[in-house]
Amino acid sequence: RGLRDLAVFLGEHGIGGAAVMKLWAELGARAISILRADPYRLIGLVRGMGFGRVDRLALRLGLDPAAAVRVQAAILHAVAAEVRAGHAYAPLSALERRVSAMIGVPGRQLVPALQTLALEGALAIEEHDRAWCVYQPELLRAEHEAARGLAALARAPARLSTASPSVLARVASHAGLDRTQREALDLLARH
(Lines give C-alpha, C1' and ligand atoms only; values in the text may rest on other atoms or scores of the structure.)
Protein backbone atom coordinates (compact mmCIF):
# COMPACT_ATOMS: atom_id res chain seq x y z
CA ARG A 1 0.00 0.00 0.00
CA GLY A 2 2.79 2.47 0.86
CA LEU A 3 4.45 2.06 -2.52
CA ARG A 4 1.13 2.59 -4.28
CA ASP A 5 0.43 5.73 -2.21
CA LEU A 6 3.87 7.05 -3.12
CA ALA A 7 3.22 6.35 -6.81
CA VAL A 8 -0.10 8.23 -6.65
CA PHE A 9 1.42 11.13 -4.71
CA LEU A 10 4.32 11.51 -7.12
CA GLY A 11 2.14 10.85 -10.16
CA GLU A 12 0.00 13.85 -9.20
CA HIS A 13 3.16 15.92 -9.65
CA GLY A 14 4.36 14.37 -12.90
CA ILE A 15 6.88 11.99 -11.37
CA GLY A 16 6.56 8.31 -12.10
CA GLY A 17 8.19 5.08 -13.15
CA ALA A 18 11.72 4.41 -12.01
CA ALA A 19 11.72 7.53 -9.83
CA VAL A 20 9.00 6.04 -7.63
CA MET A 21 10.99 2.85 -7.11
CA LYS A 22 14.21 4.75 -6.43
CA LEU A 23 12.52 6.99 -3.87
CA TRP A 24 10.85 3.99 -2.24
CA ALA A 25 14.21 2.23 -1.97
CA GLU A 26 15.90 5.36 -0.64
CA LEU A 27 13.23 6.74 1.71
CA GLY A 28 10.99 3.76 2.44
CA ALA A 29 7.49 3.86 3.90
CA ARG A 30 7.98 7.41 5.20
CA ALA A 31 8.75 8.76 1.71
CA ILE A 32 5.61 10.88 1.42
CA SER A 33 6.03 12.55 4.81
CA ILE A 34 9.74 13.11 4.16
CA LEU A 35 9.05 14.69 0.77
CA ARG A 36 6.23 16.86 2.13
CA ALA A 37 8.60 18.19 4.81
CA ASP A 38 11.57 18.57 2.44
CA PRO A 39 10.75 18.19 -1.26
CA TYR A 40 14.32 19.26 -2.05
CA ARG A 41 15.41 15.72 -1.17
CA LEU A 42 14.30 14.95 -4.75
CA ILE A 43 17.30 16.89 -6.08
CA GLY A 44 20.04 14.41 -6.79
CA LEU A 45 17.80 11.42 -6.13
CA VAL A 46 15.60 11.73 -9.20
CA ARG A 47 17.01 12.43 -12.62
CA GLY A 48 15.67 15.64 -14.12
CA MET A 49 14.66 17.09 -10.77
CA GLY A 50 16.72 20.24 -10.43
CA PHE A 51 16.16 23.14 -8.09
CA GLY A 52 13.69 25.01 -10.30
CA ARG A 53 11.35 22.08 -10.83
CA VAL A 54 11.50 20.95 -7.22
CA ASP A 55 11.01 24.50 -5.96
CA ARG A 56 7.80 24.86 -8.00
CA LEU A 57 6.64 21.50 -6.60
CA ALA A 58 7.48 22.58 -3.04
CA LEU A 59 5.43 25.74 -3.36
CA ARG A 60 2.51 23.78 -4.86
CA LEU A 61 2.69 21.47 -1.85
CA GLY A 62 2.23 24.51 0.36
CA LEU A 63 5.78 24.96 1.64
CA ASP A 64 6.32 28.37 3.25
CA PRO A 65 8.33 30.49 0.74
CA ALA A 66 10.68 31.50 3.58
CA ALA A 67 11.09 27.93 4.93
CA ALA A 68 14.60 27.05 6.03
CA VAL A 69 14.72 23.97 3.76
CA ARG A 70 13.91 26.19 0.76
CA VAL A 71 16.57 28.76 1.63
CA GLN A 72 19.12 25.98 2.21
CA ALA A 73 18.30 24.31 -1.12
CA ALA A 74 18.60 27.65 -2.93
CA ILE A 75 21.99 28.24 -1.32
CA LEU A 76 23.24 24.79 -2.33
CA HIS A 77 21.99 25.38 -5.88
CA ALA A 78 23.64 28.81 -6.08
CA VAL A 79 26.99 27.54 -4.78
CA ALA A 80 26.88 24.64 -7.28
CA ALA A 81 26.18 27.16 -10.07
CA GLU A 82 29.26 29.14 -9.05
CA VAL A 83 31.33 25.94 -9.18
CA ARG A 84 29.94 25.05 -12.63
CA ALA A 85 30.97 28.55 -13.73
CA GLY A 86 34.55 27.72 -12.71
CA HIS A 87 34.73 29.35 -9.28
CA ALA A 88 36.08 27.56 -6.22
CA TYR A 89 33.71 29.40 -3.87
CA ALA A 90 30.87 31.90 -3.72
CA PRO A 91 31.39 35.16 -1.86
CA LEU A 92 28.59 35.71 0.65
CA SER A 93 27.61 39.05 -0.92
CA ALA A 94 27.15 37.46 -4.36
CA LEU A 95 25.33 34.51 -2.81
CA GLU A 96 22.92 36.83 -1.01
CA ARG A 97 22.07 38.63 -4.26
CA ARG A 98 21.70 35.42 -6.26
CA VAL A 99 19.55 33.58 -3.73
CA SER A 100 17.41 36.64 -3.08
CA ALA A 101 16.77 36.98 -6.82
CA MET A 102 16.00 33.25 -7.11
CA ILE A 103 13.50 32.87 -4.30
CA GLY A 104 12.64 36.40 -3.17
CA VAL A 105 13.96 35.94 0.35
CA PRO A 106 16.03 38.78 1.86
CA GLY A 107 19.75 38.09 1.85
CA ARG A 108 20.00 38.49 5.63
CA GLN A 109 18.03 35.25 6.00
CA LEU A 110 20.91 33.35 4.43
CA VAL A 111 23.24 33.48 7.42
CA PRO A 112 21.28 31.09 9.69
CA ALA A 113 20.72 28.73 6.74
CA LEU A 114 24.42 28.86 5.85
CA GLN A 115 25.41 28.15 9.42
CA THR A 116 23.11 25.13 9.51
CA LEU A 117 24.51 23.81 6.21
CA ALA A 118 28.06 24.29 7.51
CA LEU A 119 27.26 22.47 10.77
CA GLU A 120 25.78 19.60 8.74
CA GLY A 121 28.92 19.47 6.56
CA ALA A 122 27.01 20.31 3.36
CA LEU A 123 29.02 23.54 2.88
CA ALA A 124 32.20 25.02 4.28
CA ILE A 125 32.71 28.67 5.16
CA GLU A 126 36.04 30.45 5.35
CA GLU A 127 36.70 34.08 6.04
CA HIS A 128 39.03 35.97 3.70
CA ASP A 129 39.62 39.70 4.15
CA ARG A 130 36.70 39.85 6.61
CA ALA A 131 34.27 38.40 4.05
CA TRP A 132 32.69 34.95 4.05
CA CYS A 133 33.57 32.60 1.22
CA VAL A 134 31.20 29.66 0.83
CA TYR A 135 32.65 26.43 -0.56
CA GLN A 136 31.55 22.95 -1.37
CA PRO A 137 33.57 21.04 1.28
CA GLU A 138 35.50 18.94 -1.23
CA LEU A 139 36.67 22.06 -3.09
CA LEU A 140 37.88 23.70 0.10
CA ARG A 141 39.82 20.53 0.96
CA ALA A 142 41.30 20.50 -2.56
CA GLU A 143 42.25 24.16 -2.28
CA HIS A 144 44.01 23.53 1.05
CA GLU A 145 45.80 20.51 -0.42
CA ALA A 146 46.92 22.54 -3.45
CA ALA A 147 48.20 25.31 -1.16
CA ARG A 148 50.17 22.76 0.90
CA GLY A 149 51.61 21.30 -2.31
CA LEU A 150 52.60 24.71 -3.63
CA ALA A 151 54.20 25.61 -0.30
CA ALA A 152 56.21 22.38 -0.43
CA LEU A 153 57.30 23.16 -3.99
CA ALA A 154 58.33 26.66 -2.97
CA ARG A 155 60.54 25.21 -0.21
CA ALA A 156 62.09 22.55 -2.48
CA PRO A 157 65.16 23.24 -4.55
CA ALA A 158 64.43 24.17 -8.16
CA ARG A 159 64.67 21.22 -10.53
CA LEU A 160 63.74 22.81 -13.84
CA SER A 161 66.82 25.04 -14.01
CA THR A 162 68.71 22.44 -16.05
CA ALA A 163 66.00 22.21 -18.71
CA SER A 164 66.81 24.04 -21.91
CA PRO A 165 64.42 26.72 -23.20
CA SER A 166 63.63 24.55 -26.24
CA VAL A 167 62.59 21.63 -24.00
CA LEU A 168 60.36 23.93 -21.96
CA ALA A 169 58.83 25.39 -25.13
CA ARG A 170 57.97 21.87 -26.37
CA VAL A 171 56.47 20.95 -23.01
CA ALA A 172 54.41 24.15 -22.96
CA SER A 173 53.25 23.60 -26.53
CA HIS A 174 52.36 19.95 -26.00
CA ALA A 175 50.52 20.67 -22.75
CA GLY A 176 48.42 23.41 -24.37
CA LEU A 177 49.44 26.03 -21.83
CA ASP A 178 48.17 29.56 -22.25
CA ARG A 179 50.44 32.63 -22.18
CA THR A 180 50.31 33.14 -18.41
CA GLN A 181 50.97 29.46 -17.76
CA ARG A 182 53.98 29.53 -20.13
CA GLU A 183 55.29 32.62 -18.31
CA ALA A 184 54.95 30.81 -14.97
CA LEU A 185 56.83 27.79 -16.36
CA ASP A 186 59.55 30.10 -17.65
CA LEU A 187 59.77 31.80 -14.27
CA LEU A 188 60.12 28.42 -12.52
CA ALA A 189 62.87 27.42 -14.93
CA ARG A 190 64.87 30.55 -14.17
CA HIS A 191 64.72 30.20 -10.36
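**Reading burial and ring pairs in a predicted model**

Mentor: Before we begin, note that this is a predicted model. From the N terminus onward, the elements of the chain follow the order α-α-α-α-α-β-α-α-β-β-α-α-α, which comes to 10 helices and three strands.

Trainee: What does the radius of gyration of the chain come to, set against a compact globule of 191 residues?

Mentor: The chain has a radius of gyration of 23 Å, whereas a compact globule of 191 residues would have one near 16 Å. Along its principal axes, the C-alpha trace spans about 75 × 40 × 25 Å.

Trainee: Why is glutamate 82 called buried?

Mentor: Buried means under 20% relative accessible area, and glutamate 82 has a relative accessible area of 16%, so the residue counts as buried. Glutamate 82 is found in helix 5, which covers residues 68-84, and, leaving aside residues up to four places away in sequence, glutamate 82 touches His87, Tyr89, Ala90 and Arg98.

Trainee: How many aromatic pairs are there by the rule for rings?

Mentor: The count comes to two aromatic pairs. One of them is formed by tyrosine 40 and phenylalanine 51, with 5.8 Å from centre to centre and 20° between the planes.

Trainee: What makes the pair of tyrosine 40 and phenylalanine 51 stacked?

Mentor: Rings pair if their centres lie within 6.5 Å, and planes under 30 degrees apart count as stacked; with 5.8 Å and 20°, tyrosine 40 and phenylalanine 51 form a stacked pair. Tyrosine 40 lies in the loop between helix 3 (31-37) and helix 4 (51-60), and phenylalanine 51 lies in helix 4, so the pair ties together parts that are 11 residues apart in sequence. Both tyrosine 40 and phenylalanine 51 are buried.

Trainee: Why is the pair of tyrosine 89 and tyrosine 135 called tilted?

Mentor: Planes under 30 degrees apart count as stacked, over 60 as edge-to-face, and the rest as tilted; the planes of tyrosine 89 and tyrosine 135 stand at 40°, with ring centres 5.2 Å apart, so this pair is tilted. The pair links distant parts of the chain, for tyrosine 89 is in strand 1 (residues 89-91) and tyrosine 135 in strand 3 (residues 131-135), 46 residues apart.

Trainee: How do you know whether tyrosine 89 is buried, exposed or partly exposed, and which of these words fits tyrosine 135?

Mentor: Buried means under 20%, exposed means over 50%, and partly exposed covers what is in between. Tyrosine 89 has a relative accessible area of 31%, so tyrosine 89 is partly exposed, whereas tyrosine 135, at 1% relative accessibility, counts as buried.

Key
Residues numbered from 1 in each chain as written. Predicted model: local features only at pLDDT ≥ 70, side-chain atom pairs only at ≥ 80, totals over all residues. Heavy atoms only, no water. Helix = DSSP H or I, 4+ residues; strand = E, 2+ residues; numbered from the N terminus. Rg over C-alpha atoms; globule rule 2.2 N^0.38 Å. Buried < 20%, exposed > 50% of the residue type's maximum accessible area, 1.4 Å probe, protein only. Contact = heavy atoms within 4.5 Å. Phe/Tyr/Trp six-rings, centres within 6.5 Å; stacked < 30°, edge-to-face > 60°.
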